[in-house]
Amino acid sequence: MVPLSWYLALSAVLFTIGAVGVFVKRNVISIFMCIELMLNAVNLTLIAFSSYYREISGQLFVFIVMTVAAAEAGVGLALVIAVFRNRQSLDADDANLLKL
Amino acid sequence: MLRVIVFAPLLGAIILGLFGKRLSERIIALIACSSIAVSTIAAFAAFAKLLAQQPDSAGVRRISDTLFTWIQVGAFRADFAFMLDPLSGVMILFVTGVGLLIHIFATAYMSGEDSYYRFFTYLNLFMFMMITLVLADNYLMMFVGWEGVGLCSYLLIGYYFLRDYANDAAKKAFIVNRIGDFGFALGVMLIFYHFNTISFIDKTGIASVFTLAANKPIEDLASTALFAGGLTTIAILLFIGATGKSAQIPLYVWLPDAMAGPTPVSALIHAATMVTAGVYMIVRSNMIFGKAPMALTIVAVVGALTAFFAATIGIAQWNIKKVLAYSTVSQLGYMFLACGAGAFGPAFFHVVTHAFFKALLFLGSGSVIHAMHHNEDMRTMGGLSKYLKITFATMGAGTLAIAGFPLLSGFFSKDEILWKVRSSTVLPGSLGTILWLLGLLTAAITAIYMTRMMVITFFGEERFRNAHHDDHGHSGHDDHKAHDDKHGHDSHGGHGGNPHESPLAMTIPLIVLAILSVVGGFMGVPEGLAEKFLPHSLHHYTHSFYAFLQPVISVPVIAGNGGEALAKDHGAELVSTILSSIVALVAIGIGYLVFRGKPLMQMPAFLENKYFIDEIYDAVIVNPLKAISTTGLWKFVDVVIIDGSVNGLAKLVNLTGSGLRYLQPGITRLYAAFIFGGAVFVIGWFFYVVVNR
């Protein structure tokens with residue numbers, strides 16, 4: 001058996017990469033991909049625990065998370081399109097009007 | 001019913017103030033004089049009613065008029081109320097009467113001025129304040145009138161507000177007055193502290209200060225009594241207020257400068273009424289002073305010194321109004337000397353006679369000034385008796401009265417003061433005799449300088465004929481600011497005419513006042529003289545003044561001064577009277593002989609420069625204060641500390657804001673990073689808590 005800790009470590013690494021990517025990446029599509037990465041890392045954690053402890057609720061929760069991730073990706077991309085129409089750019093730094 | 005006396009001038013002032021600008025001179029004059037006339041008639045009517053009243057058990061007659069209870073806080077009660085008793089009754093008669101005469105005079109004197117209405121508005125307002133002061137029935141109301149007359153004095157001295165000199169004089173008058181008022185206010189507060197009342201009369205709910213004071217013991221004749229917080233302290237504080245209002249040493253300096261105002265103002269305010277308010281207040285408070293021998297001594301000494309000091313300055317002045325101003329200071333000194341010697345009745349009598357002859361002299365000088373086209377410098381007068389006959393005659397009467405010529409009003413009042421000082425039952429040891437001698441000397445100097453004034457102005461060579469061009473430079477030496485600004489018309493007979501007598505509106509008041517100055521003394525003839533010279537039937541009338549005032553004024557007696565025996569010695573009194581008559585006559589003679597020959601004789605420079613007192617005050621008090629204010633208070637406290645802290649606070653907020661704005665630079669990824677960091681922090685916190693549980 002692959003020890004649980006390895007799964008968790010992988011998941012943590014993936015999550016961290018995703019998190020860092022959210023605020024390092026300039027391109028909004030990349031940022032979204034990193035968000036998806038974070039969500040999937042969490043999914044991995046949940047599956048790992050579910051398999052290790054033979055609990056079905058982990059897998060159930062993964063379904064919900066995936067649904068939410070899909071919905072959120074849809075809404076987020078719609079927002080990106082709206083911002084793009086205004087700023088003509090996919091650079092996150094260009095959406096800088098909310099400032100002092 | 002007393003309120004008519006008080007409010008008629010106020011009504012006049014309000015009407016003139018609001019509408020005066022559009023009214024013609026005649027209407028303004030009519031309104032102003034009629035409001036005072038109403039007051040005068042009401043005053044006489046009230047006085048008649050007072051006379052007809054039966055005295056109550058304490059021998060006191062009084063009419064009261066309470067409008068409403070103004071302030072009532074705990075035991076402190078001050079009513080907006082007026083009271084007519086013998087003291088305020090006599091005072092109100094001459095205040096309104098002389099006031100009326102001066103108003104009539106002023107209608108002609110001020111004719112042609114811009115803002116004619118403003119003058120009479122202020123003058124009526126002054127009368128309102130003065131009458132409030134006199135008729136007040138408690139110390140607070142008196143203080144209201146006290147401050148009010150100070151205000152009106154400021155407004156009237158600064159009437160020609162386009163002149164710097166007049167503005168400065170007005171400010172000086174008000175500020176120096178305020179210093180005295182501080183003392184007065186403290187005195188009133190201390191009175192309340194001691195007696196729990198500030199009322200002059202017993203009323204339902206509050207007692208009279210004076211009936212309570214009468215039961216207090218006489219305090220020690222010691223300088224410790226001054227600071228002990230008792231009756232002596234109260235008396236001294238009240239006296240400080242009086243020095244400010246009535247121009248005694250050290251707060252007299254405003255009065256000579258106040259001559260910058262129009263002459264009717266000098267006559268009314270700075271001769272007859274406002275300056276005597278201090279004396280009135282002290283006479284009113286005679287019960288308190290009677291228990292404070294140290295205070296009385298100080299009052300007497302200050303009064304005598306002021307009288308002498310001012311007389312020596314008056315003898316060296318060239319401006320006719322300044323001579324009269326110093327004369328006023330000097331005569332006020334006599335009144336305080338009398339108060340200090342315990343002779344409150346004679347002091348008040350001198351107030352009355354002084355009002356007559358000093359108002360007369362000032363109005364007469366106004367007539368002269370008017371004839372000389374607003375020149376006030378006596379060096380360019382001379383020989384005017386030929387042209388200004390009525391003015392000359394009336395001023396002559398006034399001069400004789402003030403000099404103490406026998407049987408005129410000034411003779412009786414001044415003589416009584418001198419005698420009472422000599423035979424004082426209050427002053428310790430031989431102080432009475434010393435002050436009597438000083439008073440006699442001052443009387444001599446008074447006669448000399450008044451005669452000098454008359455001689456230089458009315459006799460001799462007509463210097464105004466050759467005085468066109470050096471006029472500016474010449475009068476420039478002596479108080480060059482004393483000029484009115486009708487510069488173009490300075491004295492010259494050269495422009496064709498001779499000086500002409502003043503119109504009726506100006507000469508009639510002079511005549512009335514001259515008559516009063518001559519016969520006014522006969523109501524206060526001292527008993528000793530009356531016994532010897534007058535038929536018995538007249539005794540009642542001639543002593544009527546003192547008898548009438550007697551219930552309100554107590555004669556303090558401090559045992560062991562020896563004055564009691566002397567006071568009853570009518571022979572010594574007669575000797576004193578004859579002595580002062582001789583002194584007066586000799587001094588008048590000296591004045592006439594010396595100055596007839598050499599009218600322009602130069603007087604000692606330090607007298608002409610008024611002992612450089614103003615310069616000394618400037619150097620010792622005014623300039624250091626200004627320096628402290630500028631460098632210390634303004635440049636340091638205000639700019640550095642106060643502005644610094646306010647500005648500093650603003651800067652701090654600014655800096656904080658500048659720092660905080662970096663939290664929102666618009667960089668969206670940074671916001672995301674903050675969210676992430678916050679989440680990490682919160683989760684880490686929970687781990688920490690759980691792990692350490």
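This is a short talk about two chains, A and B, in one predicted model.

Hi everyone, and thanks for coming. Please keep in mind that what we are looking at is a prediction.

Let's start with chain A. What secondary structure does chain A have? There are three helices and zero strands, so if you walk along from the N terminus you read α-α-α. How spread out is chain A? Its radius of gyration is 17 Å, and the globule rule gives 13 Å for 100 residues, so chain A is more spread out than a compact globule. You can see this alongside the spans of its C-alpha trace, which are about 50 × 25 × 20 Å along the principal axes. Of the 100 residues in chain A, 12% are buried. Now look at the contacts with a separation of 6 or more: 48% of those join residues 24 or more positions apart.

On to chain B. The domain assignment gives domain 1, residues 2–608, and domain 2, residues 620–691. Taken over C-alpha atoms, the centres of these two domains of chain B are 64 Å apart.

Next, the nonpolar cores. In soluble globular proteins, nonpolar side chains tend to be buried together. The largest core here has 214 residues, and those touching the most other members include Phe126(B), Leu135(B) and Ala347(B). Which helix gives this core its largest share? That is helix H16 of chain B, residues 344–371, with 17 residues. Let's zoom in on Ala347(B): setting aside neighbours within four places in sequence, its contacts include Val279(B), Val283(B) and Ile417(B). Apart from this core there is another one of six residues, among them Val22(A), Phe23(A), Ile31(A) and Ala92(A).

Here is a nice check you can do yourselves. Helix H6 of chain B, residues 164–195, has 32 residues, so at 1.5 Å a residue it should span 46 Å; the end C-alpha atoms are 46 Å apart, which agrees. Just after H6(B) comes Asn196(B), with a positive phi of about 60 degrees.

Let me finish with one residue, Val4(B), which sits in helix H1 of chain B, residues 2–19. Is Val4(B) buried, exposed or partly exposed? With 16 other C-beta atoms within 10 Å, Val4(B) is partly exposed, because being buried takes 20 or more and being exposed takes 12 or fewer. Not counting residues up to four places away in sequence, Val4(B) touches Val38(B) and Ala42(B). As for His103(B), it is 99 residues from Val4(B) in sequence and 18 Å away in space, C-alpha to C-alpha.

Thanks for listening!

Technical notes:
Residues numbered from 1 in each chain as written. Chains lettered and ligands numbered in written order. Predicted model: local features only at pLDDT ≥ 70, side-chain atom pairs only at ≥ 80, totals over all residues. Helix = DSSP H or I, 4+ residues; strand = E, 2+ residues; numbered from the N terminus. Rg over C-alpha atoms; globule rule 2.2 N^0.38 Å. Contact = placed C-beta atoms within 7 Å. Domains from an automatic or database assignment. Core = buried A, V, L, I, M, F, W, Y, C linked by C-beta atoms within 7 Å. Expected span 1.5 Å × (residues − 1).
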